[in-house]
Amino acid sequence: MSQSNHYIYDADKCEFVPLKYSRREKVLHTFSIWLISSIVFACIGIAILSKQLGSPAELALKAENNLLVEQLESTKGSIISLEEQVQTISQMDNEMYRSVLGMEPVPIEEREPGTGGADIYSEFDLYSQNSAEILKWTSSRIDNLERRVNVQKM
């Protein structure tokens, strides 16, 4: 920073007078510029990193959500297995027990009660698309299994 570049107007003399900075003022000015610049760049860097990576709490929640989605995916196999078992029980009931007791077989329409109407699983729409699909599928299958088991009990 050159001293001859900065001037002030002296009204008494009606001329521009060059400013003279002491060594202390030059060091203080340079240090303050570096400090302010560093703080601004650090804030920008932290904002960008937190936006891209997320806070530790967000990272933990994302990991937990991924684990829960994996758990729901694994329950799909269990639900499918239970559906097959209920189907086997229904077939055995029609083929063996009802024939031994001389009763008419229960039609398939009565064994698998219908569903319909309003979207009762719309509460899951708040979640991500993948999670909502898994939750809706799981809930509908469990409800269907409960209805089929109730019909089988009767």
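Here is a quick briefing on the fold, the surface and a handful of side-chain pairs in this chain. Keep in mind that the model is predicted. The chain has 154 residues, of which 13% count as buried, and its secondary structure comes to 4 helices and 2 strands. On the side-chain front, there are 2 salt bridges, 1 aromatic pair and 0 disulfides.

**Overall layout**

- Reading from the N terminus, the elements go β-β-α-α-α-α, so both strands come ahead of the helices.
- Helix α1 covers residues 23-53, helix α2 covers residues 56-101, and helix α4 covers residues 129-153.
- Take the contacts between residues at least 6 apart in sequence: 49% of them join residues at least 24 apart.
- About 12400 Å² of the chain is exposed, and 61% of that area comes from carbon and sulfur atoms.

**Salt bridge within helix α2**

- Glu 73 pairs up with Lys 76 in a salt bridge, with 3.8 Å between the closest N and O atoms; the cut-off for calling a salt bridge is 4 Å.
- Both residues sit in helix α2, and because they are 3 residues apart there, about one helical turn separates them.
- As for exposure, Glu 73 is partly exposed at 36% relative accessibility, and Lys 76 is also partly exposed, at 25%.

**Salt bridge between helices**

- The other salt bridge joins Arg 141 to Glu 83, and here the closest N and O atoms are 2.7 Å apart.
- Arg 141 belongs to helix α4 and Glu 83 to helix α2, so this pair ties together parts of the chain that are 58 residues apart in sequence.
- Glu 83 counts as buried, because its relative accessibility is 12% and the cut-off for buried is under 20%.
- Its partner Arg 141 comes out as partly exposed, at 27% relative accessibility.

**Aromatic pair**

- The structure has 1 aromatic pair, made by the rings of Tyr 9 and Phe 16.
- Their ring centres are 5.3 Å apart and their planes meet at 65°, so the pair is edge-to-face; that label applies to angles over 60 degrees.
- Phe 16 is exposed, with a relative accessible area of 57%, whereas Tyr 9 is partly exposed at 49%.

**Nonpolar surface patch**

- Ile 36, Val 40, Phe 41, Ile 44 and Ile 48 make up a nonpolar patch on the surface.
- Together these residues have about 510 Å² of accessible area.
- One member of the patch, Phe 41, is located in helix α1 and is exposed, with a relative accessible area of 62%.

**Cysteines**

- The disulfide count is 0, which means that no pair of cysteine sulfur atoms lies within 2.5 Å.
- Cys 14 counts as exposed, with a relative accessibility of 57%.
- Cys 43 has a relative accessibility of 48%, so it falls in the partly exposed class.

Key: Residues are numbered from 1 along each chain as its sequence is written. This is a predicted model: local features need pLDDT of at least 70, side-chain atom pairs count only at pLDDT 80 or more; totals for chains, interfaces and linings use all residues. Side-chain values use heavy atoms; hydrogens and water are left out. Buried means under 20% relative accessible area, exposed over 50%, partly exposed in between (1.4 Å probe, protein chains only). Patches are made of residues with over 30% relative accessible area and no salt bridge: like charges are joined within 9 Å, nonpolar side chains (Val, Leu, Ile, Met, Phe, Trp, Tyr) within 5 Å. Accessible areas come from the Shrake-Rupley method with a 1.4 Å probe; for residues, only the protein chains shown count as cover. Contact means heavy atoms within 4.5 Å. Rings of Phe, Tyr and Trp (its six-membered ring) pair if their centres lie within 6.5 Å; planes under 30 degrees apart count as stacked, over 60 as edge-to-face and the rest as tilted.
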